[in-house]
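Work through the exercises below with the sequence and the coordinates open. Each task is followed by a solution in steps.

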Amino acid sequence: MFDAEWYLVFAGIPLAIVAVLALLTLRPGKDRRPRYKPGQPWQHAPVWFEPHPAHVGGGSEHGPAAAHGPAAVPGSGTAALGSSMYPEQPGERALESGHGSGPAVATGTARPVGGATAASVPPPAGPLGGARGTW
Amino acid sequence: MTRALDVESHDTASEGTAPSRTEEPRLDEVFSFKELARLDEALTMSSRETGLRFTLYVGELGTPTRRHAEELHARSGATPSDAVLIAVSPGQRVVEVVTGAGAARRLPDRACALAVLSMTSSFGAGDLVGGIVNGLRQLSDQAGHPAGLRP
């Protein structure tokens, strides 16, 4: 009864199925980044996301409007590629180390109301509200 | 492909020089492009819906975290009064929501606390982007769509 064919059918086939599934799920992914797990240290540079400015009149509906200029990091000619992501610049961090505040964000905009830079100090926001949570 | 071209650099960069293209962090280092798109859309749409300016900070916060978040909030736009900052520090397991005076009229602290609660429950399960997007949705639902923004 326990001949080669029996082993092939009742051990070989299940093992083959398991191996295929394991290969499919555990294979080194092309885009596998370490998933955040609570309790792990966070070793990425701080990022500050801000919304796209609303398009006022004219211009194309897609992509950053030329009227606002590209979303840019202050002091650099590079533009974010259709994303509102601004990696913190090392220079800013060194600049503000005396004050102990975070990175500056600026939208490269010609409008009077745009993003804030570290240079232009906006009016104080009055009594602040909000909430705090831990997990 | 470009890896083969990354030979030892012979440039004369000093401390104050801006980082070169090869030294810049990858855009999708923290979140994938798909997740970035979700965050982008959530931020932009909730800001347009409500007329408030939602910004999102993800990274280490100085201690005390509240004070650092408030300093960040003060620099988050031209009118910080109408700005809402969501500061998430996954390393410290802290999320801070800071609302300016104008935003706080439409987003009372209890609404913020509710959004924070739903965010932390997602964060505790390891879902950063889902928690942030849901929190933004709750906040913008609470703030509503002012009549002045309706066409």
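## Exercise 1: The two chains

Of the 135 residues in chain A, 29% count as buried. The model is a predicted one.

**Task.** Describe chain A and then chain B by their secondary structure, burial, contacts and exposed area.

**Solution.**

Step 1. Chain A has two helices and three strands, and from the N terminus its elements follow the order α-β-β-α-β.

Step 2. In chain A, residues 24 or more positions apart supply 46% of the contacts with a separation of 6 or more.

Step 3. The area that chain A exposes is about 9,000 Å², with 67% of it from carbon and sulfur atoms.

Step 4. Chain B contains five helices and three strands, in the order α-β-α-β-β-α-α-α from the N terminus.

Step 5. Chain B has 151 residues, of which 46% count as buried. Its contacts with a separation of 6 or more come to 58% from residues 24 or more positions apart.

Step 6. About 7,700 Å² of chain B is exposed, and carbon and sulfur atoms supply 53% of that area.

## Exercise 2: A helix pair in chain B

**Task.** Decide whether helix 1 and helix 5 of chain B are roughly parallel or roughly antiparallel, and list the residues through which helix 1 and helix 5 of chain B meet.

**Solution.**

Step 1. Helix 1 of chain B spans residues 33-50 and helix 5 of chain B spans residues 128-143; their axes are 9 Å apart, at an angle of about 10 degrees.

Step 2. Angles under 35 degrees count as roughly parallel, so helix 1 of chain B is roughly parallel to helix 5 of chain B.

Step 3. From helix 1 of chain B, the residues in the contact are B:Glu35, B:Arg38, B:Leu39, B:Ala42, B:Leu43, B:Ser46 and B:Thr50. From helix 5 of chain B, they are B:Val129, B:Gly130, B:Ile132, B:Val133, B:Leu136, B:Ser140 and B:Ala143.

Step 4. Sorted by class, the contact between helix 1 and helix 5 of chain B holds eight nonpolar, four polar and two charged residues.

## Exercise 3: B:Thr50

**Task.** Is B:Thr50 buried or exposed, and which backbone atom lies 2.7 Å from a polar atom of its side chain?

**Solution.**

Step 1. B:Thr50 belongs to helix 1 of chain B.

Step 2. B:Thr50 is buried because its relative accessibility is 0%, and buried means under 20%.

Step 3. The atom in question is the backbone oxygen of B:Ser46, at 2.7 Å from a polar atom of the B:Thr50 side chain.

Step 4. Beyond neighbours within four places in sequence, B:Thr50 is in contact with B:Arg106, B:Ser140, B:Ala143, B:Gly144, B:Pro146 and B:Leu149.

## Exercise 4: Two backbone exceptions

**Task.** Examine the peptide bond from B:Thr63 to B:Pro64 and the phi of B:Arg93.

**Solution.**

Step 1. Most peptide bonds are trans, and most residues other than glycine have a negative phi.

Step 2. The bond from B:Thr63 to B:Pro64 is cis, with omega near -5 degrees. B:Pro64 sits in the loop between strand 1 (53-58) and helix 2 (65-74) of chain B.

Step 3. B:Arg93 is not a glycine, yet its phi is positive, at about 55 degrees. The loop that holds B:Arg93 runs between strand 2 (83-89) and strand 3 of chain B.

Step 4. With a relative accessible area of 32%, B:Arg93 is partly exposed.

## Exercise 5: Contacts between the chains

**Task.** Which residues of chain B does the side chain of A:Arg132 reach by polar contacts, and which residues is B:Thr99 in contact with?

**Solution.**

Step 1. A:Arg132 is part of strand 3 (residues 129-134) of chain A and is partly exposed, at 47% relative accessibility.

Step 2. The A:Arg132 side chain makes a polar contact of 3.1 Å with the side chain of B:Thr65, and another of 2.9 Å with the side chain of B:Glu96.

Step 3. Apart from neighbours within four places in sequence, A:Arg132 is in contact with B:Thr65, B:Val94, B:Val95, B:Glu96 and B:Val116.

Step 4. B:Thr99 lies in strand 3 (residues 94-99) of chain B and is buried, at 0% relative accessibility.

Step 5. A polar atom of the B:Thr99 side chain lies 3.4 Å from the backbone nitrogen of A:Gly130.

Step 6. With neighbours within four places in sequence left aside, B:Thr99 is in contact with A:Pro127, A:Leu128, A:Gly129 and A:Gly130 in chain A, and with B:His73, B:Ala83, B:Val84, B:Ala104, B:Leu107 and B:Cys112 in chain B.

Terms used:
Residues numbered from 1 in each chain as written. Chains lettered and ligands numbered in written order. Predicted model: local features only at pLDDT ≥ 70, side-chain atom pairs only at ≥ 80, totals over all residues. Heavy atoms only, no water. Helix = DSSP H or I, 4+ residues; strand = E, 2+ residues; numbered from the N terminus. Buried < 20%, exposed > 50% of the residue type's maximum accessible area, 1.4 Å probe, protein only. Polar contact = N/O pair within 3.5 Å; in protein donor to acceptor, adjacent residues only side chain to side chain. Contact = heavy atoms within 4.5 Å. Axes fitted to C-alpha atoms, helices over the stretch in contact; angles between N-to-C directions. Parallel < 35°, antiparallel > 145°, perpendicular 65-115°, else oblique. Nonpolar A, V, L, I, M, F, W, Y, C, P; charged D, E, K, R; others polar. Areas by Shrake-Rupley, 256 points an atom, 1.4 Å probe, with all protein chains shown as cover.
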